[in-house]
Amino acid sequence: MEKIYGLPMGMPPDASAHGLELDKLTAIVHWFMLVMFVGWGLFFLYCLIRFRRKAHPVASYGGAKGHFSTYGEAGVVLVEVILLVAFAVPIWARRVGAVPDKSQAVQVRVVAEQFAWNVHYPGKDGLFGRADTKLITAGTNPLGLDPTDPAGKDDITTLNQLYLPVDKPVLIYLTSKDVIHSFFLPEMRVKQDAIPGQVIPIYFTATKVNPPEAVLPACAVKKTCWEIACAQLCGLTHYRMQGYLTIFSQADFDKWLTDNAPKAPAAPVATTPAAPAG
Ligand SMILES: [Cu+2]
């Protein structure tokens, strides 16, 4: 198991550019909690012995006079302030400030619904086709795409399958059709609520392609895939709201885009009108 600052974290593998920083913060917090657990545990044992009934048959309603607990609590507050100001806030500021340039990023729309992930790629032209909730039909047009919009002609949609390239910023526009879901990519260290009526941008860069044990379809049987999980209890079949994340090399991703681009409609076959009889 991979150790961070000497702690076996037991987390899914990290395959994102910003993940190590978050994992380090988690490890620091765990060390701090361990110190607190041992410290307060010892204090508890001390109190059990020091204030045992045999030595103090009559309760003292005045309470302890020393300042030990005040210093202890002040120490905990100090460490927490350091954690927040020196680590958590700067990491968060770097994360929210690092919005990738649209022209350099792979842009994808993800629309959550009970109980699936709809994924929408803009296709070759880089433009998302118009989507309208009034056009949504279950099964055939889950994203409500407007078939008359030319920008949507080359768009690619998938269900529960997210394909992305490695080493390239990804910009996902996340929303939901019905209730609040939470888009969770454990290997990317990304988790964000999907909220109906809001489009929330999230961004990250994958640094590894799927290892052999996380390649579909075999990984689905062995349950070792890189998943899209819903991290918000969103209804009765929430447990089934599972998708798959595949990180391709740039060449494989380009090939996937080409292979899955909608085929141009076949040219209408010219028919010669039958010559009028006589
Ligand atoms: Cu959900």
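Is K177 buried, partly exposed or exposed? K177 is partly exposed, with a relative accessible area of 30%. Buried means under 20% relative accessible area, exposed over 50%, and partly exposed in between (1.4 Å probe, protein chains only).

## About the model

This is a predicted model: local features need pLDDT of at least 70, side-chain atom pairs count only at pLDDT 80 or more, and totals for chains, interfaces and linings use all residues. Residues are numbered from 1 along each chain as its sequence is written, and side-chain values use heavy atoms, with hydrogens and water left out.

Helices (H or I, at least four residues) and strands (E, at least two) are DSSP runs, numbered from the N terminus. Two strands pair if DSSP finds at least two bridges between them.

## The sheet from β5 to β10

Strands of a sheet pair through backbone hydrogen bonds, either parallel or antiparallel. One open sheet has 5 strands, in the order β5-β4-β3-β7-β10, and its pairing is mixed. Its edge strands are β5 and β10 (200-205), and each pairs on one side only. From one strand to the next, the twist averages 25 degrees. Axes are lines fitted to C-alpha atoms, for helices over the stretch in contact, and angles run from 0 to 180 degrees between N-to-C directions.

Look next at edge strand β5, residues 156-159. Its side chains alternate. I156 and T158 point to one face and are buried. T157 and L159 point to the other face and are not buried. Strand β4 (residues 116-121) pairs with β5 in the antiparallel sense, over 4 bridges. V119 stands opposite T158 in β5. The bridge partner of N118 in β5 is L159. Helix α4 (residues 250-260) packs on this sheet and touches β3 (106-113), β4 and β5. The direction of α4 makes about 100 degrees with that of β5. Contact here means heavy atoms within 4.5 Å.

## The sheet from β6 to β9

Another open sheet of 5 strands runs in the order β6-β12-β11-β8-β9, with mixed pairing. The edge strands are β6 (161-165) and β9, each pairing on one side only. The twist averages 25 degrees from one strand to the next.

β8 and β9 pair in the antiparallel sense over 5 bridges. F184 stands opposite K191 in β9. Helix α4 packs on this sheet, touching β6 and β12 (242-248). The direction of α4 makes about 130 degrees with that of β6.

## The copper site

Which residues coordinate the copper ion? They are H181 (ND1), C230 (SG), C234 (SG) and M241 (SD), at 2.1 to 2.5 Å. Donors are N, O and S atoms within 2.8 Å of the metal (3.2 Å for Na, K and Ca); water is not among the atoms, so sites may look incomplete. The site is tetrahedral, with angles of 89 to 124 degrees among its 4 donor atoms. Four donors count as tetrahedral if all angles lie between 85 and 135 degrees.

Along the chain, the donors follow the spacing H-x48-C-x3-C-x6-M. H181 lies in strand β8 (residues 181-185) and C230 in strand β11 (residues 227-230), so the pair ties together parts that are 49 residues apart in sequence. H181 is buried, with a relative accessible area of 0%. C230 is buried too, at 9%.

## Salt bridges

How many salt bridges does a search of the whole structure find? The search finds 6. A salt bridge is a side-chain nitrogen of Lys or Arg within 4 Å of a carboxyl oxygen of Asp or Glu. One of them joins R189 and D23, with the closest N and O atoms 2.8 Å apart. This pair links distant parts of the chain: R189 is in the loop between β8 and β9 (190-194), D23 is in helix α1 (residues 19-50), and they are 166 residues apart. Both R189 and D23 are buried.

K177 forms a salt bridge with E113, the closest N and O atoms being 2.6 Å apart. K177 lies in the loop between β7 (169-176) and β8, and E113 in strand β3, so the pair ties together parts that are 64 residues apart in sequence. E113 is buried, with a relative accessible area of 18%. D146 forms a salt bridge with R130, at 3.1 Å between the closest N and O atoms. Both residues lie in the loop between β4 and β5, 16 residues apart. D146 is buried at 13% relative accessible area, while R130 is partly exposed at 41%. Salt bridges that share partners join R130, D132 and D146 into one network.

Definitions and conventions
Tetrahedral: all angles 85-135°; square planar, octahedral: opposite > 155°, others 65-115°.
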